[in-house]
Structure formats: structure tokens, C-alpha cells
Amino acid sequence: MAKKALVTGITGQDGSYLTELLLQKKYQVFGLVQRSATDPFDNIRHLLDDIEIIVGDLSDSGSLIRALQQSDPDEVYNLAAQSFVKSSWDIPEMTGDVTGLGVTRMLEAVRTVKPQARFYQASSSEMFGQVAQTPQRETTPFHPRSPYGVAKVYGHWITVNYRESYDMFACSGILFNHESPRRGYEFVTRKVASTAAYIKEGLASELTLGNLDSKRDWGFAGDYVEAMWLMLQQDAPDDYVIGTGENHSVQELCEVAFGHLGLDWTKYVKQDKRFMRPAEVEVLLSDPSKARKNLKWQTKVSFEKLIQMMVDAEMKRIVEMRAGEVPGLPRA
Ligand code: NAP
Ligand code: G4F
């Protein structure tokens, strides 16, 4: 019998790569999708014939219970969230409701309908925030710096709590930043890659950014979804830090992206305080040794290769856009 998985956030970056991995492994995949007035399927259009879409929302318990009943899953991957940190100061209550309390709603739905299902929670290195130690590992205390980070800390601890309270197979993956050509346009890697390509092609003249000094541990999303799956294949549930163990600044990101196109980033990049945050996470760096040892997991794509892959994808998209095959690019 094929295993069944329910994926929330299936239309997002990680949902699309995870679904590809699960389909390769012959899972039957159900994806929870929130109602939308516009087409949300860009990332998973190529998968729509092979999966089942269930309409539901992390703010609506009844829909989650019905999603569990309809899919009867062996594994549940809770990837849905309001995931853009900067917006979490604009919509803090909604972020707390979906990104935080939404995890409890999912856990309650699993506990009610299929308590033996294995559960993955998408936790985040944003929980470390103002870091208490470097590099950050599973035992590093949390000090979140945004409403998003605070909501993720709640989601993390409620996952641990359901494991301890109800003996559920619930795991929390503390993932550091991971990127790809399917990343949302407002995140800094996609913003830099797409605007550098636009500048190269004469479609834009400058790139406005916020803090160029902050450092992130950036990896490739395709590698990270494998870690999610591995966590749910272990004998016992546990929490894992997932990252590359290497970090780079936003400035280095600009150097690599523009450099790949033969451009000097200093001529095009401007700073604008609109893109600064009320409280910044200055530096993140993972210690993924537990995942390397227990899950036998490691990243395969380097920082430079990742950024070059993203820039190449943007250049290809411009060619397709000019040929009328894809619509014009949204801009961050
Ligand atoms: P993403 O691209 O922003 O995807 C988020 C998904 O959640 C989208 O499918 C979105 O649907 C869905 N969603 C939002 N609100 C919802 C609601 N109320 N009900 C149901 N679905 C809802 O995020 P991602 O980069 O794939 O990340 C996946 C998860 O990992 C998120 O929880 C994120 O916070 C977490 N995470 C990400 C990173 C990273 O670097 N990427 C690192 C650590 C943790 P729409 O398409 O309709 O908006
Ligand atoms: O790309 P970012 O918006 O990602 P951020 O805030 O690190 O959050 C991402 O990673 C988290 C894991 O650590 C996830 F949990 C979360 O869901 C999300 O996927 O910003 C990265 C850095 C920040 O320091 C930001 O201040 O880039 C800096 N930055 C500088 N200029 C900018 C910009 N970020 C954005 N988005 N846009 C700018 O213009």
C-alpha cells in the first residue's frame, strides 16, 4: 500500500519540492490549499494531475479536521504559515493566529482524527533571533526578534508539548534559510537574483535593499525537504537543526549574483530604510551536526551554486516573458 501524506503550504516553495520528493517515493499526496481569488498554483502546476487538493485554512479548525478525514494520512507536513518576517510587523495578529495557533489546530486535528500519523512542524532559525551562542544548535535558547519569530517559538513548543503530552510522533525541524528559483519575490535572495537579471537586460536600473550587513546560513530548498522526510522515517520523534554550517552577508549575495552576470553590484545597489526592520536578526549560523549524524543528511548545493542557479532561472524567465510564455515579473 502506498503511504499517504498531507502537506499544508503545498503551493509554497518547500511544499512544491517536498511534493516532488514524496511522489518520487510513490506516496499519495494531499495538499491543503487556502481559498484564493487569484491563481496560487505557479509552483505546483506541473504536479496537479498527480495530487489531490483539499481546500482548507490554518485559521479554520473544521477544515483541518475534514482534511485529516479525507486524506487519512500516514504523515502530515505542516508547512503553511505567514512566512515573510518583514510583513509580520504589519500583520502581527494574523501571523500569530496562522503561524502560531495554526500549529495547535493542526495538532488537534491529527490527535482527533489520526493520532498515530507522524507530524512534521516547520520551525525556523528565526527563533534564535538575538543569538545566545554561535553556531546555533538544538539546545541554543530562543530569543525571537519579530512577531513571526515569536509565533514560530509557540509552534515549536506546542509540537514538543503534544509529543510529551500525548506520545505523538511529532518532530520540529529548525530550518535555516533555504532558497530556490521558487522562492517568493519579496525574500532577499529572489529579489536580488530577479533584479540583477532585470538590470542585465535593461529592464531595471537599480536595486533597493535594507541591511546589507546581516548574515544568513543559506542553503538550497531541494536539499532541505529531504531532511523533513528523513525526520519522519526515524525510530523516534525528535527535533533537528538543518543548515549548511556556513553563512554569508547580503552584500556577498549581491557580489555573487551581479558578478555571475558580469556586473559590478556597487553601481546598482542602493539602501532604503523602507526595507530595514524594526528589530533585526544580525547573524545566523547553524550547527547541523545532529542531523548529519542521526539522519545522515547534508546539503549538496553550495551558496555560490545556489545563487547562480537562481540568477540563471531569472534570465531564462525573461526570455520566456519576452516570448509571451509567462507573464511579467512581480517586483518586491
Ligand atoms: P512559503 O513559500 O511562504 O509558503 C507558505 C505556504 O503557506 C503557502 O502555500 C501559503 O499559501 C500557505 N498558507 C499561508 N497562510 C495559510 C493559511 N492560513 N492556511 C493555509 N495555508 C496557508 O514558505 P516556504 O519558504 O515554503 O516555507 C515553508 C514553511 O517553512 C513555512 O512555515 C516557513 O515559515 C517555514 N520556514 C521556511 C524557511 C525558509 O527559509 N524557506 C526557513 C525556516 C522555516 P498561498 O500560496 O496561498 O499564500
Ligand atoms: O530573505 P529574508 O526576508 O529572510 P529572513 O527574514 O531571514 O526569513 C526567512 O528565513 C527564516 C529562517 O531563518 C524563515 F523562517 C522565514 O520564513 C524566511 O523564509 O531576509 C534575509 C535578510 C534579513 O536580515 C533582511 O533584513 O536580508 C535582509 N535584507 C536586506 N535587504 C532584506 C532586504 N530582506 C528582504 N526581504 N528585502 C530586502 O530588501
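This is a short selection-by-selection tour of a predicted model and its two ligand sites.

Before you click, note that residues are numbered from 1 along each chain as its sequence is written, while chains are lettered from A and ligands numbered from 1 in the order in which they are written. In this predicted model, local features need pLDDT of at least 70, side-chain atom pairs count only at pLDDT 80 or more, and totals for chains, interfaces and linings use all residues; side-chain values use heavy atoms, with hydrogens and water left out.

**Stop one: ligand 1**

Select ligand 1 and show its surroundings, where a residue counts as near if one of its heavy atoms lies within 4 Å. You should find 23 residues, the closest being Thr 11, Asp 14, Asp 57, Ser 83 and Tyr 148. Sorted by class, they are nine nonpolar, ten polar and four charged. Here Ala, Val, Leu, Ile, Met, Phe, Trp, Tyr, Cys and Pro are nonpolar, Asp, Glu, Lys and Arg are charged, and the others, Gly among them, are polar.

Now colour by secondary structure, taken from DSSP runs numbered from the N terminus: helices are H or I with at least four residues, strands E with at least two. Helix H1 (13–24), strand E5 (118–124) and helix H4 (147–166) each give at least two residues to this shell. Strand E5 has the largest share, three residues.

Next, draw some distances to oxygen atoms of ligand 1. A polar side-chain atom of Ser 83 is 2.6 Å from one such oxygen, and an N or O atom in the side chain of Lys 152 is 2.9 Å from an oxygen of the ligand. From the backbone, an N or O atom of Gly 12 lies 3.1 Å from a ligand oxygen. On its own, ligand 1 has 900 Å² of accessible area, and the protein covers 86% of it; such areas come from the Shrake-Rupley method with a 1.4 Å probe, and for residues only the protein chains shown count as cover.

**Stop two: ligand 2**

Move on to ligand 2, which also has its own shell of 23 residues; Ser 124, Ser 125, Tyr 148, Arg 277 and Glu 280 are the closest. This shell holds nine nonpolar, seven polar and seven charged residues.

Where does ligand 2 lie relative to domain 1 and domain 2? Colour domain 1 (4–178 + 219–242) and domain 2 (185–216 + 246–285 + 302–322): both give residues to the shell, so ligand 2 lies between them. The bounds come from an automatic or database domain assignment.

Zoom in on Glu 280, whose side chain has an N or O atom 2.6 Å from an oxygen atom of ligand 2. Two backbones take part as well: a polar atom of Glu 186 is 2.9 Å from a ligand nitrogen, and one of Val 188 is 2.9 Å from a ligand oxygen. The protein buries 96% of the 710 Å² that ligand 2 exposes when taken alone.

**Stop three: helix H9 and the loop before it**

Select Ser 302, in the loop between helix H8 (289–295) and helix H9 (303–322). Its C-alpha is 7.1 Å from that of Gly 219, although the two are 83 residues apart in sequence.

Then follow helix H9 to Glu 314. Glu 314 is buried at 2% relative accessible area (buried is under 20%, exposed over 50%, partly exposed in between, with a 1.4 Å probe and protein chains only). Its side chain makes a polar contact with the side chain of Arg 190 at 2.6 Å. Within protein, a polar contact is a pair of N or O atoms within 3.5 Å, one able to donate a hydrogen and the other to accept it, and residues adjacent in sequence count only if both atoms are side-chain atoms.
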